[in-house]
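Work through the exercises below with the sequence and the model side by side, trying each task before reading its solution.

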Amino acid sequence: MDAYVRMIAIQSLLAHTRGMDQITISEGLKRGLRRHCPHCDSPTLFSGYLTVQPRCPVCGADNGQHRVDDIASYFTILLVGHLVIAPSLAIPWVWSAPLWASMSILMTLVLVITLTALPYIKGGVIGVLAATGDKKADDAKQRPASRTD
Ligand SMILES: [Zn+2]
């Protein structure tokens with residue numbers, strides 16, 4: 001692991017000195033979906049379940065500045081709805097079984113898939129935001145000055 005992190009740091013430093021630290025949207029998405037740093041591809045994007053490390057310890061990228069808001073939750077709900085809810089409505093057993101049985105199975109599936117997919121989808125969103133250059137700092141610059149009437 002230590003050698004891997006060192007190799008990634010050297011690659012990142014070389015790319016940075018050559019001015020090649022700009023990533024494509026597909027690269028950012030792939031790296032983020034694996035919960036890796038979108039800039040250097042090291043597994044250091046999250047410090048917890050959903051907590052983003054403000055700075056990558058390998059390449060120093062400011063990954064904490066990307067405003068994910070609720071879009072990761074939205075994509076997760078969209079995925080779960082298509083994977084669990086819609087197919088379950090087409091299965092006749094769901095309608096004929098006792099309510100407690102069908103709901104306990106469906107809700108367990110929804111809970112497991114949601115909690116499993118959410119950090120990966122959040123990583124993918126951060127990767128796309130890193131590739132497109134969307135930052136909190138950009139929003140602060142574009143905000144008009146507050147009026148003092
Ligand atoms: Zn990094």
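**Exercise 1: three residues in one loop**

With 9 C-beta neighbours inside 10 Å, Asp 69 counts as exposed, because a residue is exposed if 12 or fewer other C-beta atoms lie within 10 Å of its own, buried if 20 or more do, and partly exposed in between, with C-beta atoms placed from the backbone. This is a predicted model, in which local features need pLDDT of at least 70 and side-chain atom pairs count only at pLDDT 80 or more, while totals for chains, interfaces and linings use all residues. Residues are numbered from 1 along each chain as its sequence is written.

Task: decide whether Asp 41 is buried, partly exposed or exposed, and do the same for Val 58.

Solution. Begin with the place of each residue: Asp 69 lies in the loop between helix 2 and helix 3, Asp 41 is found in the loop between helix 2 and helix 3, and Val 58 is in the loop between helix 2 (25–33) and helix 3 (71–89). Helices here are DSSP runs of H or I with at least four residues, and strands are runs of E with at least two, numbered from the N terminus. Next, count neighbours: Asp 41 has 19 C-beta neighbours inside 10 Å and therefore counts as partly exposed, whereas Val 58 has 23 other C-beta atoms within 10 Å and so is buried. Finally, look at the backbone, where Asp 41 has a positive phi of about 65 degrees although it is not a glycine, and Asp 69, also a residue other than glycine, has a positive phi near 50 degrees.

**Exercise 2: the length and bend of helix 5**

Task: find what span the 34 residues of helix 5 should have, and where this helix is kinked.

Solution. The expected span is 1.5 Å times one less than the number of residues, so the 34 residues of helix 5 (residues 99–132) should span 50 Å, and the 46 Å between its end C-alpha atoms agrees with this. Then follow the axis: a kink of about 35 degrees lies at Leu 118, shortly before the proline Pro 119, the bend being the angle between axes fitted to the seven residues ending at a residue and the seven starting there. Beyond the end of helix 5 comes Gly 133, whose phi is positive, near 80 degrees.

**Exercise 3: the partners of helix 5**

Task: work out how helix 2 and helix 3 are placed against helix 5.

Solution. Take helix 2 to begin with: its axis and that of helix 5 come within 7 Å and cross at roughly 155 degrees, where axes are lines fitted to C-alpha atoms, for helices over the stretch in contact, and angles run from 0 to 180 degrees between N-to-C directions. Helix 2 is therefore roughly antiparallel to helix 5, a term for angles over 145 degrees. The contact (C-beta atoms, placed from the backbone, within 7 Å) involves residues including Gly 28 and Gly 32 of helix 2 and Gly 123, Gly 124 and Gly 127 of helix 5.

Turn next to helix 3, whose axis comes within 8 Å of that of helix 5 and crosses it at roughly 145 degrees. Among the residues making this contact are Phe 75 and Leu 79 of helix 3 and Leu 109 and Ile 113 of helix 5. The buried residues of helix 3 are Ala 72, Thr 76 and Val 84, and they pack against helix 5. Helix 3 also has a kink of about 40 degrees, centred on Gly 81.

Technical notes. Angles under 35 degrees count as roughly parallel, over 145 as roughly antiparallel, 65 to 115 as roughly perpendicular and the rest as oblique. Two residues are in contact if their C-beta atoms, placed from the backbone, lie within 7 Å.
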